[in-house]
Amino acid sequence: AEQQERRSAEAQASQAQGQATAARAEAATLQERARTEASRREAAAAAHTHAKEELDEAAFLARFLAFRQHMDTLLLYVPTKTAKTKTWRLSVQRRQICADVIRHFSSAGNYAKTKLWSPTAVTFISANTNLPEDGDDQGGLTVEMYTSFFREVVLPDFGLFEGVLDADGYSASIGLLPSPKAEESSMVAIGRVLCKCVLEEMPIGRGLGQFVFDFLADAHERRVFSDVRLALSALADFDPDLAQRWAQLLVEPAPFLTLDYFDPNADGEELDATTTDMERAVLAGCRSKLLTCREASLRALRAGFIETVDLQVQLGALTAAELLRMMRGNTELSRDELLKCFQWPDLPGATVGMQEHAGFAQVGSDCPRFLREVILDDSTENGLSNAERLHLLEWCTALTALPCNGLKEPILLKHYPERGANDLPNVHTCTQEVHLPPYESREQLRSKLLKAVEHRHDGFQIE
């Protein structure tokens, strides 16, 4: 009897271990697919040739700072003292980030409106050990949670958002839209997450479509559907190929088309091959694609977004391009913008304390200069491409886009005496510190840095 019990216990343990292994593999596959899809969105954005609304950087910064001033006033006077000081502790399993985040922001996770005002502290549960990971959240783990969430939640596995596919079956969308079949309670929870990100100046990167933000601001009728070209611009973010084909019809109207070719819910009215009829039909088609078929899901998303604090008037004052920049963040970093993200201990103006903390001067290391030269080099062979600049930012901060007002604290560079020139650099995203071994040339630094950045999603395995 004892042997049978022991065998039964061993069998159960073996089965549980097998299930855990399978779950870890599934989670790893999910995360890898999410990163692959994010890379495809980057490529789609780079290839996007449809006319975009120009962003007046100076005017946007002025309006953005006015918006943040309004937010600071709300944060000062609206929440209670308890809400502002009591930490909201979020435990998130690596293998089910989306499910856990949605649960925390829904009634099933005992969500309360006051929590949206509270500071957060995130603890990740390891997919390998099922135990809490080491690390005290000083902001970096919270950023990583939101970054991972918005990268994964748009995957078709969850049925919450959808895009269009190219001829090879890969996603062709730059920004995705809520699925018509999305679960209402989940969309409400995601709306709350979006509001929390706005309150904390947390850009969500590419993922959600331009039209989502216009709808959240209740500005879609005047900013999208008031003009066919504005509608095509919003459609191009979701379906670039269709937007291009419909734009061509405005230039060269085609005969024998009917209205239901553009809007499946319309009647079969025959259209004249005129610009006027084509504009009317294309506008109807854009409305159908962007709004009509998914309006219930969009409304649920907005309900969660404005539930605690209604920012529709303030967000509606921004242009479509400005709102997109504020929500997604800066996803096209210039060399100068990336350079300003770092604190340079070797430049004039650096204090003695900064130099001593960095530790490069004491050993005669030129690593800060090497890194600066790599960032400023405009050649892809010796410098960094647009994508590599963004990936470097993510490696240093866990952010997939630069906040509109820049980083709250600069990225610090430190000498890494425990490692040699053949080792990879190390990073601590919580404190935004990059540790550089004593590299002997900019070429060596660039090679090792890009290798580390390539493995930026490996977590502590890279150390």
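This report describes a predicted model, taking in turn a group of paired strands, one helix and one buried arginine.

**Strand β8 and its partners**

Strand β8, residues 433-436, is covered on both faces, with E433 and H435 buried on one side and V434 and L436 buried on the other. Its pairing with two other strands is set out below.

| Strand paired with β8 | Residues | Direction relative to β8 | Bridges | One bridge pair |
|---|---|---|---|---|
| β6 | residues 411-415 | parallel | four bridges | H415 with L436 |
| β7 | residues 426-428 | antiparallel | three bridges | H428 with E433 |

Strands β7 and β8 also form a hairpin, in which four residues lie between the two strands and Q432, in the turn, has a positive phi of about 55°.

**Helix α10**

Helix α10 runs over residues 240-251, and its twelve residues reach 17 Å from the first C-alpha to the last, which is close to the 16 Å expected at 1.5 Å a residue. Within α10 the residues L242, A243, W246, L249 and L250 are buried. Because these residues cover an arc of only 115° around the axis, they lie on the same side of α10. The buried residues of the helix pack against α9, residues 228-238, and against α11, residues 275-290.

**Arginine R328**

R328 lies in helix α14, which spans residues 320-328. With a relative accessible area of 6%, R328 falls under the 20% cut-off and is therefore counted as buried. When its neighbours within four places in sequence are left aside, the residues in contact with R328 include I174, G175, P203, F213, D237 and A401.

Terms used
Residues numbered from 1 in each chain as written. Predicted model: local features only at pLDDT ≥ 70, side-chain atom pairs only at ≥ 80, totals over all residues. Heavy atoms only, no water. Buried < 20%, exposed > 50% of the residue type's maximum accessible area, 1.4 Å probe, protein only. Pairing = 2+ DSSP bridges. Contact = heavy atoms within 4.5 Å. Expected span 1.5 Å × (residues − 1). Arc of directions from axis to C-beta.
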